[in-house]
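Me: I would like to go through this structure and ask how its labels are earned. Please keep the answers plain.

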Amino acid sequence: FVSCGAVRELVGMMSGVMREESEVVLNASRVLAKLSLTKECLEDLASSPSMLRQLTLVLSLRTNPDAADAALVRVLFVLGNVTAGSEQARAAVAGGNAEDESEGSRVEVLGSMLHEHVGRLERGVPGDARAISVDLLIKLVRLLAHLAISPAIGPLLAESPYMSHLVVLLETVTMEEEEELLLNAISAITNLSFHSNHPRATLWQHRFALAEALAGMLFVDNQEAVLECARAFGNLSRDPATRAVMHSTRVDEAVVLLLDHSSYAVMAAAAGVIVNLAGDPSCAVVVMEAEGALLLLDALGRVAQGDHELACTVCHAIYNLCVTVEWGMEEVSAGMM
């Protein structure tokens, strides 16, 4: 398919003269979605910004809403696959520089889709309509999460007002109902929160509601959700006011307990949050009262020889505690025996 140019022809068919033929576009999108699971197809798409820009044009297809939504699900799936590991692809899909006049409009298209389909879930649309919106959102939010990784696209997305609908998703769906959608939303929020430490960022404006919505996710029986939430709090806890909300919802205590988690990834994310908490005197006291110092020392003992990066993060948290809190160091020293 790649060597004979079939991938390029499929993309051209969907965005060119056959664009108004919704059934043709739907069938072409089905073939392309299957091909995008292969390494060869992904490499072909990632190396061709023109093909990816053509695919983004399909996102505005609304001639036949039912067929269009089905095609959009598959196009978003393809774009999500190709942007997962390629910065060049991310730049092509969403625009990579200030000179790209279409950059804002592409983010607008993705944002308006998010607005429309989250709105459907909020309104409680039944049956097939809900299922289509959930399926589309799973692919769309996954794509947004991948785009948010980009140092060029992430800040642009972070300032889009549409990103507030990710917070609405956290408040609208449950892990029991839509696990994949919720996990993708948390992942997107985590990536966007890295770029959201200023007042222009949408998640910054909703950071208190976001912190409260994420708080409950730290206690779910899903390691991926716990990991992504801890990572998000690592970014959110850079803000003093958000740290106060974390304390009111006892997130600070929960994060300390995650230092004892069997997963090194979760432990690393928790240690990253504590680096920020330990630099704040009011939060550092809570960390100490929850036996954070002893748990940090225990974590250091477990990882010192196997993960130097994690060991450095744990040491950073211990250092911040030492310089922030006037505490009897005899207790801490005793934990090292």
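Reply: Start with one pair: the side chains of aspartate 69 and arginine 120 meet in a salt bridge, at 3.8 Å from N to O. The model is predicted, so local features need pLDDT of at least 70 and side-chain atom pairs count only at pLDDT 80 or more, while totals for chains, interfaces and linings use all residues. Residues are numbered from 1 along each chain as its sequence is written, and side-chain values use heavy atoms, with hydrogens and water left out.

Me: Why is the contact of aspartate 69 and arginine 120 called a salt bridge?

Reply: A salt bridge is a side-chain nitrogen of Lys or Arg within 4 Å of a carboxyl oxygen of Asp or Glu. The N to O distance here is 3.8 Å, so the pair is within the 4 Å limit.

Me: Which parts of the chain does this pair link?

Reply: Aspartate 69 is in helix H5 (residues 65-83) and arginine 120 is in helix H7 (residues 103-123), 51 residues apart. A helix here is a DSSP run of H or I with at least four residues, numbered from the N terminus.

Me: What makes aspartate 69 and arginine 120 buried or exposed?

Reply: Buried means under 20% relative accessible area, exposed over 50%, and partly exposed in between (1.4 Å probe, protein chains only). Aspartate 69 is at 3%, so it counts as buried. Arginine 120 has 16%, so arginine 120 is buried too.

Me: How do you know that arginine 207 and aspartate 239 form a salt bridge?

Reply: Their closest N and O atoms are 2.7 Å apart, so the pair meets the 4 Å condition. Arginine 207 lies in helix H13 (residues 207-215) and aspartate 239 in the loop between helix H14 (223-236) and helix H15 (240-248), so the pair ties together parts that are 32 residues apart in sequence. Both residues are buried.

Me: What about arginine 302 and aspartate 260: why are they called partly exposed?

Reply: Arginine 302 has a relative accessible area of 30% and aspartate 260 has 48%. Both values lie between 20% and 50%, so the label is partly exposed. These two residues also form a salt bridge, with the closest N and O atoms 3.9 Å apart.

Me: Where do arginine 302 and aspartate 260 lie?

Reply: Arginine 302 is in helix H19, and aspartate 260 is in the loop between helix H16 (251-257) and helix H17 (264-278), 42 residues apart.

Me: How many salt bridges does the structure hold?

Reply: The structure holds 13 salt bridges.

Conventions: Helices (H or I, at least four residues) and strands (E, at least two) are DSSP runs, numbered from the N terminus.
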